[in-house]
Amino acid sequence: MHSDAIRNEAPAILKVQSLTRRFGGIVANDDISFDVAKGSITALIGPNGAGKTTVFNCITGFYRASSGQILICNGSDTVEVGALLRRPFTGGSYLVARAGVARTFQNIRLFKDMTVLENLLVAQHQHTDNNLFRGMMASDRFLKQENETVERAYHWLDIMDLSDYANRLAGELAYGRQRRLEIARSMCTSPRLICLDEPAAGLNPRETEQLSELIMALRREHGVTVLLIEHDMGLVMDISDHIVVLDYGRVIASGDVESVRNSPAVIAAYLGADEASQ
Amino acid sequence: MTTARALDAIQTQSTGIDFLHSLKEASIAGILTMVVLGPITNLVLDQYDFHFYPLREPILVNGIMLGFVVALGRLFFSLLVQTRSGHDLMQRIGRHSAVSTDTDHDRPRRKKRHIVPALTLSLLASAILATLGLTGAIHKGAAFALILVVLFVWLSYGISVPKRRGEPNSWRISVPLLFAAGFLLPIVLNQAGLLPKVWLSNLTLALIYVLLGLGLNIVVGMAGLLDLGYVAFYAVGAYFLALGAQYLEMGFWTALVLAPLLAAASGAILGFPVLRMHGDYLAIVTLGFGEIIRLVLTNWVDFTGGPNGMPAPAPTFFGLEFSRRASEGHEPFHTFFNLPYSGDYKALFIYLILFAIVAIMLRFLNRLRYMPIGRSWEALREDEVACRSLGINHVNVKLSAFMLGAVTGGVAGVFFATYQGFINPSSFNFFESVLILSIVVLGGMGSTLGIIIAALALTLLPELLRDFAAYRVLIFGLLMIMMMIWRPYGLIRPRRPTFPARVPHAQ
């Protein structure tokens with residue numbers, strides 16, 4: 001199968017190794033391990049409260065894992081997320097994004113009182129001329145880089161079909177467009193791995209279909225690996241190469257679409273199981 | 001609403017202006033005002049009788065006179081909304097969205113159209129003020145000071161129009177001209193005896209508050225960090241000059257260069273403990289910081305002179321002093337240039353340096369919104385979590401906001417100390433922080449021009465309306481309440497910078 005081919009050939013871009021995250025006495029993630037192959041679309045599914053978003057927050061550096069390792073691999077270069085988070089004062093969470101992991105949020109987090117374009121410009125701060133004096137003098141070098149970032153922003157707006165709204169406030173956009181803008185914004189950080197937290201939540205069926213095309217295009221044309229949390233099973237089954245199923249903070253199944261679809265543990269978790277079958 | 005009816009009137013009969021209707025509205029408004037206020041101000045209880053004084057002094061708080069003023073105002077507005085441009089104006093004021101995008105900057109040509117009427121209007125206003133001043137209707141100094149204020153507002157507006165590559169900026173010539181006018185006019189006016197020292201000092205204080213407002217705007221307006229102890233940095237700048245002069249024989253110019261650095265350092269010191277704080281908690285901690293600085297200054301009597309304060313030196317003009325008799329080894333300004341001694345030179349000189357520095361600061365601070373650092377501040381205000389997810393070092397961004405805000409406050413402090421010639425801790429109390437914060441809130445958080453207007457209004461109006469000094473805080477409070485109800489986003493809504501599609505490539 002196509003997806004198996006990718007899994008066997010491509011090296012892992014993200015390795016989650018026995019990740020455990022405890023909040024006081026509650027174990028949100030218990031010994032979770034999975035790999036995300038480079039260039040794949042991997043879905044993280046499970047019932048509500050299964051610990052999916054906690055895994056996301058650990059991967060993107062918003063939580064520190066209680067134990068276990070999360071490795072971001074880039075060729076020979078490997079970064080351990082937990083090690084990044086030991087920076088004094090800053091907490092280091094922003095370093096995860098700089099290591100090439102971008103994310104979106106379950107409840108959209110745009111800069112609402114800034115324009116759509118500015119949202120994308122903020123995301124490109126790694127590519128802009130951040131020198132205070134050159135900026136204040138509006139030097140040629142500064143303006144040139146600024147124009148380049150504006151152009152890259154327009155490029156992404158074109159892809160997301162949002163160019164007409166470039167100078168509108170982000171908070172004024174319709175919900176579906178805000179979702180697309182958030183994806184565009186995280187893509188502007190030039191990530192290698194993009195983590196989408198329920199990208200289809202609140203979208204109508206047509207928008208969901210466009211979203212699945214968009215995610216495929218991101219992988220195909222922009223060479224980005226996708227890890228997503230999603231409840232829309234149609235979307236997940238359509239586009240995923242690999243699915244990891246969580247329940248009660250544990251991985252209960254993992255594999256390609258077919259194997260997960262037929263896994264008794266998954267069916268039990270979603271539909272419930274009677275005493276006899278357990 | 002009557003305005004709405006007036007608007008309907010234009011739509012139906014687009015040619016005529018309904019004078020009769022306006023007149024009716026105006027008389028109703030005027031009579032109502034007289035009925036409500038007349039008994040309060042014009043009836044005087046005398047022994048066991050009431051006496052009616054229609055022209056009771058002060059004439060401006062006389063209810064009958066206020067009635068006429070209100071009627072005139074109502075008539076003016078009623079007629080204004082019936083004209084095309086007035087209609088447009090009302091529409092713009094009536095818009096309720098918090099932030100608007102800056103479409104004007106998209107279309108430089110449209111902007112150009114605004115300049116001519118704007119300059120004509122300000123020239124007209126200046127002419128009226130000058131006549132009022134020369135005929136003695138208002139104080140001469142006040143009239144000419146207001147002309148300088150009008151000039152300064154236009155200068156700051158011109159500075160705020162951003163420079164774009166390959167686009168004509170119609171303000172490119174006007175800004176240097178306005179600057180030159182603002183720099184030379186005070187000298188001419190002062191020498192002609194039209195701008196006395198008192199009003200030069202008032203203008204200096206107003207510009208100091210403009211600086212403070214701009215500095216706090218970085219922290220509160222842009223980065224969204226509610227800082228109630230901003231006056232601490234102001235004190236740091238002021239005391240740096242006074243203490244430096246006392247112990248290190250430091251002059252004004254040295255202090256002007258070094259005080260921002262010290263203020264930035266104290267900004268960083270304040271910044272570190274509050275990195276993890278938001279909103280109310282941050283406000284409380286910054287409030288504490290401001291009070292600590294003030295209490296240290298008050299209680300460290302041996303070093304700072306405590307409540308007795310300290311003298312601060314005046315600036316020198318290339319080594320020439322402005323005092324009547326110079327200290328040893330120095331020459332006074334007036335003997336060097338063979339002029340009669342006058343205290344005005346010092347006030348004039350301080351005003352001119354401050355004017356130049358404010359203009360330069362404005363130029364730089366305006367750029368911030370078009371720079372990555374300014375955008376990061378605003379992004380941080382909107383959503384810190386999203387900032388971190390985009391790889392923005394939120395700690396550096398916060399610290400830089402505190403530090404740049406503190407730098408501006410430090411510069412203002414140096415000017416305050418040299419302007420007063422003497423400082424003590426009571427100038428840096430909590431009310432001062434509140435005043436600066438209200439300048440930022442009234443002006444419109446994030447809007448440079450709004451803050452400038454608010455700073456000028458809040459510092460100069462009390463001087464203009466000396467008669468009402470007793471009602472100052474009352475009026476201030478009423479103003480705040482009215483602003484929060486009708487214009488919660490401040491005098492001038494901040495506008496987002498816009499970027500046209502397809503920027504032409506640099507060759």
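**Exercise 1. Two helices in chain B**

In which sense, left-handed or right-handed, does α18(B) pass α19(B)? Work out as well how the two axes are oriented and which residues meet.

*Solution.* The model is a predicted one, and the steps below are to be read on that footing.

Step 1. Begin with the axes: those of helix α18 (residues 430-443) of chain B and helix α19 (residues 448-464) of chain B come within 7 Å, and they cross at roughly 130°.

Step 2. An angle of this kind falls outside the ranges for roughly parallel, roughly antiparallel and roughly perpendicular, since angles from 65 to 115 degrees count as roughly perpendicular and those over 145 as roughly antiparallel; α18(B) and α19(B) are therefore oblique to each other.

Step 3. The crossing in which α18(B) passes α19(B) is right-handed.

Step 4. On the side of α18(B), the residues that meet the other helix are B:Leu435, B:Ile439, B:Val440, B:Leu442 and B:Gly443, and their counterparts in α19(B) are B:Gly450, B:Ile451, B:Ile453, B:Ala454, B:Ala455 and B:Leu458. Sorted by class, the contact of α18(B) with α19(B) consists of 9 nonpolar and 2 polar residues, with no charged ones.

**Exercise 2. Two helices in chain A**

Determine how helix α5 (residues 116-123) of chain A and helix α8 (residues 175-187) of chain A are placed with respect to one another.

*Solution.* Step 1. The axes of α5(A) and α8(A) come within 8 Å and cross at roughly 30°. Because angles under 35 degrees count as roughly parallel, α5(A) is roughly parallel to α8(A).

Step 2. As for handedness, α5(A) makes a right-handed crossing as it passes α8(A).

Step 3. The contact brings A:Val116, A:Asn119, A:Leu120 and A:Ala123 of α5(A) against A:Leu181, A:Ala184 and A:Arg185 of α8(A). The residues in this contact of α5(A) with α8(A) are 5 nonpolar, 1 polar and 1 charged.

**Exercise 3. The antiparallel sheet of chain A**

Describe the sheet of 4 strands in chain A, and then follow the hairpin formed by β4(A) and β5(A).

*Solution.* Step 1. The sheet is open, its strands follow the order β2-β1-β4-β5 (chain A), and the pairing is antiparallel. At its edges stand β2 (26-37) and β5 (77-80) of chain A, each of which pairs on one side only. From one strand to the next, the twist averages 20°.

Step 2. Strand β4 (residues 67-74) of chain A pairs with β5(A) in the antiparallel sense, over 4 bridges. Within β5(A), A:Thr78 stands opposite A:Cys73, while A:Asp77 is the bridge partner of A:Asn74.

Step 3. Between β4(A) and β5(A) the hairpin has 2 residues, and A:Gly75 in the turn has a positive phi of about 65°.

Step 4. Helix α2 (residues 52-59) of chain A lies across β1 (12-23), β2 and β4 of chain A, and its direction runs at about 115° to β1(A).

**Exercise 4. The mixed sheet of chain A**

Give the strand order of the sheet of 6 strands in chain A, and say which helix packs on the sheet.

*Solution.* Step 1. This open sheet has the order β6-β7-β8-β3-β9-β10 (chain A), and its pairing is mixed. Its edge strands, each pairing on one side only, are β6 (101-103) and β10 (250-255) of chain A.

Step 2. β7(A) and strand β8 (residues 225-229) of chain A run parallel and are joined by 5 bridges; A:Ile194 stands opposite A:Val226 in β8(A).

Step 3. The helix packed on the sheet is α12 (residues 264-271) of chain A, which touches β9 (242-247) and β10 of chain A and whose direction makes about 125° with that of β10(A).

**Exercise 5. Domains and the contact between chains**

Establish how chain A is divided, and then describe the side of chain B that touches chain A.

*Solution.* Step 1. Chain A consists of domain 1 (2-100 + 192-277) and domain 2 (111-190), whose centres, taken over C-alpha atoms, are separated by 27 Å. In the contact between them, 9 residues of domain 1 of chain A face 8 residues of domain 2 of chain A.

Step 2. The contact between the chains takes 34 residues from chain B and 39 residues from chain A. On the side of chain B, two or more residues are given by each of α14 (344-368), α15 (372-382), α16 (384-389) and α17 (394-420) of chain B, and the largest share, 7 residues, comes from α15(B). By class, this side of chain B that touches chain A has 17 nonpolar, 7 polar and 10 charged residues.

Technical notes: Residues are numbered from 1 along each chain as its sequence is written. Chains are lettered from A and ligands numbered from 1 in the order in which they are written. This is a predicted model: local features need pLDDT of at least 70, side-chain atom pairs count only at pLDDT 80 or more; totals for chains, interfaces and linings use all residues. Axes are lines fitted to C-alpha atoms, for helices over the stretch in contact, and angles run from 0 to 180 degrees between N-to-C directions. A crossing is left-handed if the near helix is turned anticlockwise from the far one by less than a right angle, and right-handed if clockwise. Two residues are in contact if their C-beta atoms, placed from the backbone, lie within 7 Å. Ala, Val, Leu, Ile, Met, Phe, Trp, Tyr, Cys and Pro count as nonpolar, Asp, Glu, Lys and Arg as charged, and the others, Gly among them, as polar. Two strands pair if DSSP finds at least two bridges between them. Domain bounds come from an automatic or database domain assignment.
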